[in-house]
Amino acid sequence: SSGINAEYGGDILQLGYGDILPADGIYLTGNDLSIDESTLTGETDHIKKSVAKDPMLLSGTSVMEGSCKMIVTAVGPNSQAGIIVQLIEGQDGEEDESDDEPKEGDEEEGTKMVNGTGKHKPVKPSNKKEKSVLQGKLTRLAIQIGYFGTVAAVLTILVLIIKFCVSKFMFGEEKCRVEVPGSEESHWEVEIHHK
């Protein structure tokens, strides 16, 4: 851990070699900054950052070269790393604040402040957790396998019932004679016995 903490949007952080970004932010000043974004993108190449070219710095990434100052734009569950954690855990993007008392400055009940920016957005009253994309696909696959297994079992039972009915009620214990067309001498005798 780099020991760098960001608590609020608007904080200015000084970053150097080996630091792990604790929050999302925008590059302000620095020299030869190169970031390893493999934790987010899987891409192993280091990304050069500057004010003119790709100034966004994302939480969870590492400084590989250079140093810079950044202004924090998102922390915690609102940062890129926080969003990914929520998707993996299948959590809702909103925090449940039902235990907290309303804070001064809230414009109306049922809203919460976004990153200390003064903007408010409605709080979702849902306690239902959303599933991640992988969890959703696995759930659908499990349901499809269940349907396929049920259909296969029903078909197997129907075939066995038809076979039983045909052997018991149509033929009984009598012999069946099957003649091969084109040959008068060869014929098969099939005997069905009831056990």
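**Exercise 1. Place serine 59 and list its surroundings.**

Leaving aside neighbours within four places in sequence, serine 59 is in contact (heavy atoms within 4.5 Å) with Leu21, Pro22, Ala23, Asp24, Leu40, Ser79, Gln80 and Ala81. Before going on, note that this is a predicted model, where local features need pLDDT of at least 70, side-chain atom pairs count only at pLDDT 80 or more, and totals for chains, interfaces and linings use all residues. Residues are numbered from 1 along each chain as its sequence is written, and side-chain values use heavy atoms, with hydrogens and water left out.

Step 1: find the spot. Serine 59 sits in the loop between strand S4 (56-57) and S5; helices (H or I, at least four residues) and strands (E, at least two) are DSSP runs, numbered from the N terminus.

Step 2: check the accessibility. Serine 59 has a relative accessible area of 2%, so it is buried. The scale runs like this: buried is under 20% relative accessible area, exposed over 50%, and partly exposed in between (1.4 Å probe, protein chains only).

Step 3: look at the side chain. Serine 59 and serine 79 are joined through their side chains by a polar contact of 3.2 Å. That term covers a pair of N or O atoms within 3.5 Å; within protein, one must be able to donate a hydrogen and the other to accept it, and residues adjacent in sequence count only if both atoms are side-chain atoms.

**Exercise 2. Work through the salt bridges: how many are there, and which residues form a network?**

Step 1: apply the rule, a side-chain nitrogen of Lys or Arg within 4 Å of a carboxyl oxygen of Asp or Glu. The count comes to three salt bridges.

Step 2: start with glutamate 37 and lysine 49, whose closest N and O atoms are 2.9 Å apart in their salt bridge. Glutamate 37 is in the loop between S2 and helix H1 (38-41), while lysine 49 is in strand S3 (residues 46-49), so this pair ties together parts twelve residues apart in sequence. Both glutamate 37 and lysine 49 are buried.

Step 3: follow lysine 49 onward. Its side chain also meets that of aspartate 54 in a salt bridge (2.9 Å, N to O). Aspartate 54 is partly exposed because its relative accessible area is 35%. Through shared partners, Glu37, Lys49 and Asp54 end up in one network.

Step 4: take the pair of lysine 48 and glutamate 65, with closest N and O atoms 3.4 Å apart. This pair links distant parts of the chain, from lysine 48 in strand S3 to glutamate 65 in strand S5, 17 residues apart.

**Exercise 3. Which residues of the largest nonpolar core touch the most other members?**

Step 1: define the set. A nonpolar core means buried Ala, Val, Leu, Ile, Met, Phe, Trp, Tyr and Cys residues joined through side-chain atoms within 4.5 Å.

Step 2: read off the hubs. The largest core has 13 residues, and Leu15, Leu21, Leu33, Leu57 and Met70 touch the most other members.

Step 3: trace the elements. Strand S1 (12-15), S2 and strand S5 (62-74) each give two or more residues to this core. S5 has the largest share, four residues.

Step 4: zoom in on leucine 57. Beyond four places in sequence, leucine 57 is in contact with residues including Leu15, Leu21, Leu33, Cys68 and Met70.
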